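Me: Please take a close look at one helix pair in this model and at the charged side chains around that pair. I would like the cut-offs stated as you go.

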Amino acid sequence: RCGLEAMDGGGGGPEALAADAERTGATACLREALTRALEVRPADPLRFLRDHFRDAARPEPRSTALHLVRAAPRSRPAFRDNLYAAFRALAGAEEAVASAD
């Protein structure tokens, strides 16, 4: 989960903002998102990043799985990895529901 909502953003200049981003985990979250975008090379990078951050803020297994499957064209090697990750996300959700019963 990204820590963007915890940043105060008030005064102090770029150094304070960078320190705040590091403290809240926003830097790591952005690095992860950009690394994933470089791996997948989506047709629409901005949409990919929007969906990535939305899913990071509100993880929901079905929307995460859908995002992963749609992120890369089938012709790219990342598609298989995404498909596997999508199935893992859905399987994890089923296990959580089964253990709650």
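Reply: What follows goes from the whole chain to the helix pair, then to the salt bridges and one loop residue.

This is a predicted model, in which local features need pLDDT of at least 70 and side-chain atom pairs count only at pLDDT 80 or more, while totals for chains, interfaces and linings use all residues. Residues are numbered from 1 along each chain as its sequence is written, and side-chain values use heavy atoms, with hydrogens and water left out.

The protein has five helices and zero strands, where helices (H or I, at least four residues) and strands (E, at least two) are DSSP runs numbered from the N terminus. Along the sequence the pattern reads α-α-α-α-α. Of the 101 residues, 26% count as buried; buried means under 20% relative accessible area, exposed means over 50%, and partly exposed lies in between (1.4 Å probe, protein chains only). Of the contacts in the protein with a separation of 6 or more, 34% are between residues 24 or more positions apart, a contact being heavy atoms within 4.5 Å.

The pair in question is helix α3 (residues 45-57) and helix α4 (residues 61-71), whose axes come within 10 Å and cross at roughly 160°. The axes are lines fitted to C-alpha atoms, for helices over the stretch in contact, and angles run from 0 to 180 degrees between N-to-C directions. The crossing angle therefore makes α3 roughly antiparallel to α4; angles under 35 degrees count as roughly parallel, over 145 as roughly antiparallel, 65 to 115 as roughly perpendicular and the rest as oblique. The crossing of α3 past α4 is left-handed, that is, the near helix is turned anticlockwise from the far one by less than a right angle.

On the α3 side, the contact is made by Arg47, Phe48, Asp51, His52 and Asp55, and on the α4 side by Ser63, Thr64, His67, Arg70 and Ala71. These residues divide into two nonpolar, four polar and four charged. Here Ala, Val, Leu, Ile, Met, Phe, Trp, Tyr, Cys and Pro count as nonpolar, Asp, Glu, Lys and Arg as charged, and the others, Gly among them, as polar.

Two of the contact residues of α3, Arg47 and Asp51, also meet through their side chains in a salt bridge (4.0 Å, N to O). A salt bridge is a side-chain nitrogen of Lys or Arg within 4 Å of a carboxyl oxygen of Asp or Glu, and by this rule the count comes to five. Arg47 and Asp51 are four residues apart in helix α3, about one turn of the helix. Arg47 counts as partly exposed because its relative accessibility is 41%, whereas Asp51, at 10%, counts as buried.

Asp51 also forms a salt bridge with Arg54, with the closest N and O atoms 3.2 Å apart. Both lie in α3, three residues apart, about one turn of the helix. Arg54 has a relative accessible area of 32% and so is partly exposed.

Another salt bridge joins Arg62 and Glu60, the closest N and O atoms being 3.6 Å apart. Arg62 counts as exposed at 62% relative accessibility, and Glu60 as partly exposed at 31%. Through shared partners, salt bridges link Arg47, Arg50, Asp51 and Arg54 into one network.

Finally, Ala43 sits in the loop between α2 (26-40) and α3. With a relative accessible area of 76%, Ala43 is exposed. Ala43 and Arg70 are 27 residues apart in sequence and 9.9 Å apart in space, C-alpha to C-alpha.
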